[in-house]
Each structure stands twice: as structure tokens, then as C-alpha cells.
Amino acid sequence: MVYTNERYRIAFQAIRELSPGSCPLPAAGGDQELFEAAIFAHILKPYRFGLHPLRIAQTRPYPESLVLVVDTSERLVFDMLRDLLPSADREGEEVQGVEGLRILRWRDDGLELHRPGQRTLVRLAGAPHAVWRRAEKQVVDDLEDSGYRACWRTHPDAWTEVERLQERDDEGWYTGLARRGAWLASGLLRRIALFHTTAIPWAADGWRGLSSELLWKFDLACYPDLPPRMEELAAALTDPRFGLPMQTSARSLRSPRRLRLAATHGSEALELFFAPWEADGDQWMADLQRARVVRERVERVVAGVTR
């Protein structure tokens, strides 16, 4: 399935388990939606080079949980945990990472994350158990060296006071706008595989902009000798059954490489810039095998073969 990049058997079984009339690609709601939106915001780092644009190979969405299958590189697993796991400075003035996020349990291929006191669950999978354990320990060691405390270690079953204080401080207009638009961040995270099953970027850089509207923006690094497949991505994202309640904005016409989608009902928007950029940077060329794998995958997408 192009939206999740799941294997046919897994996707088919998940659809069979849904109740009659349910959407084949269910949306999150309530605390789960907010949790996924916070995770989405924290994994958007500038051009982390992996096998997939945002280090996520597959998603498995369920009504009350989400599975993210990440790239198996030990460095990228470390980056993912460092971005998500919350830490506080010694003065108790600032929290980095997702407030309230905790490790619920370890699994053979990853770990389950949640927020204590809320019905939330996101599972990270894709790498062996030992890789996740080493990465988590390295995050803790780095935090201690920097004078930060690992909130998920000091309070494994509850929020810290500084996390609660920061959350209360975030009740203003700016954060309220982002929370009202959590459906878009959560919906994009559940469909993030489209960035490599339908479009052709080899890396992505995303961020959230807030003015009078919630706007998610992405720079997508694309091979300059291949078609960017903007129309195909727009069609998938706005599909009436599997996509999001969005439509192509007239502002997309201002640039031949810029795609803007606007919420059908609301002020939220998504803007994608398909930047022609050769994959020849130092970080990228340091792993020629990875570069070849990504190039071959992109060529299969262009040829219409997703597997």
C-alpha cells in the first residue's frame, strides 16, 4: 500500500480486522492525535540521510495506536531517540523532546512509547533490540555530559514538574493553533511513506510555521534528472478515501516546483518545495551503498514499480 508501504499481507490483515464501514486508513483522535503531532514535529530535522526521506520506512496505523518502522542504521536510531525522548536542564526551565513521552515497554524489534495518564501508544520498530538499547544509553550519556536530566529515566511512570509547567505555559494562542491543526500532522505522519512510494525525494527537511494559519513546509531534495512527481503526490494526499481533507491551492501555480495544499474546512495548509539537488554531499557520499539503494528505489517509483 503506497500510503503506508506495508507489505500486502499485513495491510490486508489490518483491513480485515477493521469494523464494517471503517476507513481503511484510520485517523487518530484525542490525546493520540496530539501525541502523534508532537512526534511528527520533533522528527523533522534538516536532511538526516537515511534510506527514506524522514528515516521512516513504513507505518502501520490503527485507530488508537501507530507503528513506525524506522531505518535500521544505528546512527539514525540514535538520532530518532535523541529527537523524541524528553530531557530537562538542571535549572528546570526548559524541556527538549516530546513532553511527557515515556518508554512503556521494550520489544524484540523496538520499543513502545506513550504519555502516562493518557490513551496514547506509538511503537518504534525496525532495528534489533540491542540497537535500540545502545542508542537509548548513548542518549542518556550525552545528556549527562551536557548537564541535562533524562525525564523518562527519573520519572518513568509520570510527568516531571518542569514538563507540566512547560505544557501549561504552552496554552497560548500559538500552541492552540497548532493543536487545532494536529489532525494534519498526525495524518501526514500516518501517510509519510508517500514521500518515498509516490514522490522521489532522497531527503526531506520540514518545519512548522505559524502566523494566521498552521502551515507545514517541506523542502524535498529530488534528483534533478528525474520527474518530481508532484501531481501524483498531490492526487494521493487529496484522495477522497485514503487521503486528507485537503485540496490543491491556487497559490501552487506561482512556482512550477512548489505544491500547496489547503484544508477543505479550516486554515491549515501544507507546502512542498521540490528542490532539484544532486545527492553528492559529504554525508551522502560517505555511504555509497546507501546512495545506490536509494537511487534504485527512486527509479522504481518513476517506472511505476513500488516493490
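Reader: Why is Arg 258 called partly exposed?

Author: Its relative accessible area is 30%, and buried means under 20%, exposed over 50%, partly exposed in between (1.4 Å probe, protein chains only), so Arg 258 counts as partly exposed. One caveat: this is a predicted model, where local features need pLDDT of at least 70 and side-chain atom pairs count only at pLDDT 80 or more, while totals for chains, interfaces and linings use all residues. Residues are numbered from 1 along each chain as its sequence is written, and side-chain values use heavy atoms, with hydrogens and water left out.

Reader: What makes Glu 271 buried?

Author: Glu 271 sits at 9% relative accessibility, so it counts as buried.

Reader: How do you know that Glu 271 and Arg 258 meet in a salt bridge?

Author: A salt bridge needs a side-chain nitrogen of Lys or Arg within 4 Å of a carboxyl oxygen of Asp or Glu. Here N to O is 3.3 Å, so the pair fits the definition. Glu 271 lies in strand S13 (residues 269-276) and Arg 258 in strand S12 (residues 258-263), 13 residues apart. Shared partners join Lys 217, Arg 258, Arg 260 and Glu 271 into one network.

Reader: And what makes Arg 229 and Glu 232 a salt bridge?

Author: Their closest N and O atoms are 3.9 Å apart, and the cut-off is within 4 Å, so the pair counts. Arg 229 is buried at 18% relative accessible area, whereas Glu 232, at 34%, is partly exposed.

Reader: Which residues form a salt bridge at 2.4 Å?

Author: Arg 105 and Glu 112 do, going by their closest N and O atoms. Arg 105 is partly exposed at 42%, and Glu 112 is buried at 6%.

How values were computed. Helix = DSSP H or I, 4+ residues; strand = E, 2+ residues; numbered from the N terminus.
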